[in-house]
Amino acid sequence: MGGARARGPAKPGFDRVIKGDAREVLDRLPKQSVHLAVTSPPYNVKIPYLGYQDDLPPDAYLAWLREVWRSLYRVLVPGGRFVLNVAPTSIRDFRPIHHDLSRDLRELGYIMRTEIVWYKQTMGRRTAWGSWKSPSNPHIVPSWEYVLVFSKGQWKLPGDPATVDITAREFEKFSDGFWAIPPERRRQGHPAPFPEELIERIVKFYSYRGNVVLDMFGGTGTVAAVARRLGRHYLHIDTSSEYCALATERVRAAVPPADAWIPPPDGHPARRRRSEGAPTPDQRSRRVGRRSATDLASEGTSAFTVA
Ligand SMILES: C[S@@+](CC[C@H](N)C(=O)[O-])C[C@H]1O[C@@H](n2cnc3c(N)ncnc32)[C@H](O)[C@@H]1O
């Protein structure tokens, strides 16, 4: 689909769309190289993804994700954030899956920072009333999803104040943990893409410009495209070639801020390479505006990589 070609083995680095299994790819990334991971895993509710059976026994599902979270912990920088979006399960087979996931992540050592309620405003389309107008068996309709937020090791994420891009107005608005955002309507052949506004808020609130932002269940590339548009580096992982091709197209179309010089992240191998010829602050400010989408495109978005 989309004419994307698979090339060579997965290379560690960033600004890449990687077709592969989340855990296997995470295990090949450099340790402490990601500042923010944002993801929405398959919810185990029989959603028809291309090439993935979304129907594991509940314990096997949690055990699988637990290993992914374990692998993620190694690649997060100290203070790095993990933002996990998960929907309530179906009304009839209700399981408090967000409690199970929070427990597992805390047992693995993550600090749980908060829980944001993403209110999807979908009540207009409701059909499942249970016992209409009677207490015999009324249903609560899940019109929201959870956005669970964790940190690795410490609450603070060190960063250069010059790379903060959130405005006072945005900070005030996003720090209210009830986010009313409609679900994405342009599905692009995927059953469950993120709305861009949800990711914009998370990326701006929890990361600095120039940070590395990862989605290891990346789907159509919403996280990668938004991260790039906001002047962050991205890593996208998904098992589906079709979704990786879509993500590649979206990332190519995402234009980073014209005035953004995007520093390589602290401690990343690329920073060491560049530091041999790293710009002085003066040179850096002269480069502002010259670093274009073309520069970034040459860093890894020409085709997705197969792990
Ligand atoms: C809920 S969707 C993510 C959608 C994404 N947030 C977006 O905006 O398009 C989950 C994704 O996980 C992918 N997936 C399933 N198993 C995987 C695995 N083992 N490793 C990586 N990705 C996987 C599916 O192909 C699917 O695209």
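Author: Two strands are said to pair if DSSP finds at least two bridges between them. With that in hand, we can look at this structure, which is a predicted model.

Reader: What makes β2 and strand β3 a pair, and in which sense do they run?

Author: Strand β3 covers residues 76-86, and 5 bridges link this strand to β2 in the parallel sense; since the definition asks for at least two, the two strands count as paired. One of the facing positions is T39, which stands opposite L84 in β3.

Reader: How do you know that β2 and strand β7 pair, and over how many bridges?

Author: Between β2 and β7 (residues 212-215) there are 2 bridges, again in the parallel sense, and at least two is what the definition requires. In β7, V213 is the bridge partner of L36, while L214 stands opposite A37.

Reader: Where do these strands sit in the sheet, and what is the order?

Author: The open sheet has 9 strands with mixed pairing, and the order is β6-β4-β5-β3-β2-β7-β8-β1-β9, with β2 written between β3 and β7. At the edges are β6 (178-180) and β9 (305-306), each of which pairs on one side only.

Reader: Why is strand β2 called largely enclosed?

Author: A residue is buried if 20 or more other C-beta atoms lie within 10 Å of its own, and in β2 (residues 34-39) 6 of the 6 residues are buried, so the strand is largely enclosed by the rest of the structure. Helix α5 (residues 196-206) lies across β2, β3, β4 (110-119), β6 and β7, and its direction makes an angle of about 155 degrees with β2.

Reader: Why does S241 count as buried, exposed or partly exposed?

Author: The label buried needs 20 or more neighbours and exposed needs 12 or fewer; S241 has 18 C-beta neighbours inside 10 Å, and therefore counts as partly exposed. This residue lies in helix α7 (residues 241-253), and its C-alpha is 9.2 Å from that of I18, although the two are 223 residues apart in sequence.

Reader: Which residues of the largest nonpolar core touch the most other members?

Author: The largest nonpolar core has 58 residues, and A37, V203 and V213 touch the most other members. Leaving aside residues up to four places away in sequence, V203 touches L36, V213, V226, A227, L230 and R232. In soluble globular proteins, nonpolar side chains tend to be buried together.

Definitions and conventions:
Residues numbered from 1 in each chain as written. Predicted model: local features only at pLDDT ≥ 70, side-chain atom pairs only at ≥ 80, totals over all residues. Helix = DSSP H or I, 4+ residues; strand = E, 2+ residues; numbered from the N terminus. Core = buried A, V, L, I, M, F, W, Y, C linked by C-beta atoms within 7 Å. Contact = placed C-beta atoms within 7 Å. Axes fitted to C-alpha atoms, helices over the stretch in contact; angles between N-to-C directions.
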